[in-house]
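Got the model open in your viewer? Let's walk through it, one question at a time.

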Amino acid sequence: MLEIPTKMKALRVHKAPSKHYTLDILPVPQISDEKVLLKIGCAGLCHTDLMVLEGSFGDNLPLIGSHEPAGTIVDLDQSVGRKYSLRKGDRVAALLPKDVCGNCSDCKFGDWKHCANSKYGGITTDGYFAEYALVEAKHCVIIPDEMGFEQAAPLTCAGVTIYTAIKKANLKPGEIIAISGLGALGTLGVQMAKAQGLKVVGIDTRPGPLELVRSFKLKPDVIIDGGKSSSEDAMKEIIKLRPEGYEGWDGVDATILTADPPSSHSYALSLTRRHGHVILVAQPPELSFNFKNFIFQDLTLSGSLHGNEVDLKETVKLVYKHGIASEIQTFSIDDHEKMVDATYHEGRKGKIVLSFE
Ligand SMILES: [Zn+2]
Ligand SMILES: [Zn+2]
């Protein structure tokens, strides 16, 4: 095991709004409580990071960006290691919450992922765009040796979020799920849903993502360009997915909304069958729906927040078993400005990841 240095490179947001991160030299953090020290292999850049740069999350600055870490455990308390079956040298992916309180109603009776008192790495406290970072031992999931850190990092946010949303839809193999928005979440989601035996409808209006999902081994059964196909034409394609003799309502059984534009929501709702389930993971500032979708169509709308360590474990397992991959573009820390600029490129597809390897 290499010796741990005292200083490290890190990307911080000093003030918001900022266009880019500032590259700082900071002390390597020390383990405390049940936190372990990771040597970061890769950390993902997510839409939420851009919101932190824009100043959407208040005044917790300066803070280190990114909430999607994957790396190697290089320091941990022995008793913590025993408690969570972790050792130095373990390659892990980890979830973003830190200092979950353990006392609120969600921690006690619900799911700690809803703990209102927890901090979030990269959002309200230091994150993972750094050579070293602390993560909670209980939020670490060991990844297979063959899984690269660049593939593991996006699973801790995009991957586990879409996996949990699909799980919430609670469909049986053969039932139909639509995923509206084929960005980082949607592209992983269509592959995960196919791997679970669902019929999948992928919807987007951008040529890049539509072309990308077409190239997948686990590609959607129906790919819809929402900018070109009327909802009536799209519905005709969806109806063909039902088995011979199907008796029931036209449309998909559940829909996951991953894109922000309101037009994408009304389009996807119109393709959802009566009494169907709509799950929101997109984060538009406001939602606007037609009441008819909910009163006459009797749709149920649920929100879905990332996932817990069980969900992350299942995500890693499913992705590994089925060879599901994210399209990745990696950048080094010295190219961090280029990395942020790349998120705004027209025709971008897949996921941007900072790599320390
Ligand atoms: Zn994220
Ligand atoms: Zn709590």
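What follows is a chat about a predicted model, covering its sheets, its voids and a few residues.

Visitor: Let's start with the sheets. In the open sheet of six strands, what is the strand order?
Guide: This is a parallel sheet, and it stays open. The strands at its edges are E13 (222-225) and E16 (300-303), each pairing on one side only. Neighbouring strands are turned by 20 degrees against each other on average, ignoring direction. Reading across, the order is E13-E12-E11-E14-E15-E16.

Visitor: Zoom in on E16 for me. Which residue there stands opposite His277?
Guide: Look at strand E15, residues 272-280, which pairs with E16 in the parallel sense. Four bridges hold that pairing on the list. Opposite His277, in E16, you'll find Thr300.

Visitor: And the open sheet of three strands: which strands stand at its edges, and why do they count as edges?
Guide: The pairing here is antiparallel, in the order E2-E1-E4. An edge strand has a single partner strand, so one side of it is left without a neighbour in the sheet. That applies to E2 (22-27) and E4 (63-64).

Visitor: Which residue in E4 is the bridge partner of Val13?
Guide: Strand E1 covers residues 7-13 and pairs with E4 in the antiparallel sense, over two bridges. Val13 has its bridge partner in E4, and that partner is Leu63.

Visitor: On to voids. What is the volume of the largest pocket?
Guide: Start with the lining: it counts 50 residues, and the closest to the pocket centre are His47, Leu185, Thr258, Asp260 and Ala282. By class, the lining divides into 24 nonpolar, 19 polar and seven charged residues. The volume is about 1500 Å³.

Visitor: Which element gives the most residues to that lining?
Guide: Several elements give two or more residues, including helix H5 (158-169), helix H6 (184-195), helix H9 (262-270) and strand E18 (351-355). Helix H1 (47-54) is also on that list. With five residues, the one that gives the most is H1.

Visitor: What about closed space? How much lies in the largest cavity?
Guide: The search of the whole structure finds one cavity of 30 Å³ or more. Its lining includes Ala16, Val52, Phe57, Leu61, Leu63 and Ile123. By class that lining has six nonpolar, three polar and no charged residues. The space in it is about 40 Å³.

Visitor: Any odd backbone spots there? What is the omega of the peptide bond joining Ala16 and Pro17?
Guide: Ala16 is one of the residues lining the largest cavity, and Pro17 lies in the loop between E1 and E2. The bond joining Ala16 and Pro17 is cis. The bond from Leu61 to Pro62 is cis too, with omega near 0 degrees, and Pro62 sits in the loop between H1 and E4. For Ala16 and Pro17, omega is about 0 degrees.

Visitor: What is the phi of His275?
Guide: His275 is found in strand E15 and counts as partly exposed, at 39% relative accessibility. Another residue with a positive phi is Asn170, near 55 degrees; Asn170 lies in the loop between H5 and strand E11 (176-180) and is exposed, at 64%. His275 is not a glycine, yet its phi is positive, at about 65 degrees.

Visitor: Why does Cys42 have no disulfide bond, and how far is the closest cysteine sulfur?
Guide: A disulfide is a covalent bond between the sulfur atoms of two cysteines. The cut-off used is a sulfur pair within 2.5 Å, and the structure holds zero disulfides. Cys42 is buried, at 1% relative accessible area. The closest cysteine sulfur, in Cys46, is too far away for a bond, at 15 Å.

Visitor: Is Asp253 buried or exposed?
Guide: Asp253 has its place in strand E14, residues 252-257. Buried means under 20% relative accessible area. At 5%, Asp253 is buried.

Visitor: Last one: how far apart in space are His322 and Gln191?
Guide: His322 lies in the loop between helix H11 (309-321) and strand E17 (328-331), and it is partly exposed, at 23% relative accessibility. In sequence, His322 and Gln191 are 131 residues apart. In space, C-alpha to C-alpha, the distance is 8.7 Å.

Definitions and conventions
Residues numbered from 1 in each chain as written. Chains lettered and ligands numbered in written order. Predicted model: local features only at pLDDT ≥ 70, side-chain atom pairs only at ≥ 80, totals over all residues. Heavy atoms only, no water. 1 Å grid on protein atoms, 1.4 Å probe; cavity = no way out; pocket = protein on both sides within 12 Å on 5 of 7 lines; lining within 4 Å. Points joined across faces, edges and corners; volume = space filled by probe spheres on them. Nonpolar A, V, L, I, M, F, W, Y, C, P; charged D, E, K, R; others polar. Buried < 20%, exposed > 50% of the residue type's maximum accessible area, 1.4 Å probe, protein only. Pairing = 2+ DSSP bridges. Axes fitted to C-alpha atoms, helices over the stretch in contact; angles between N-to-C directions.
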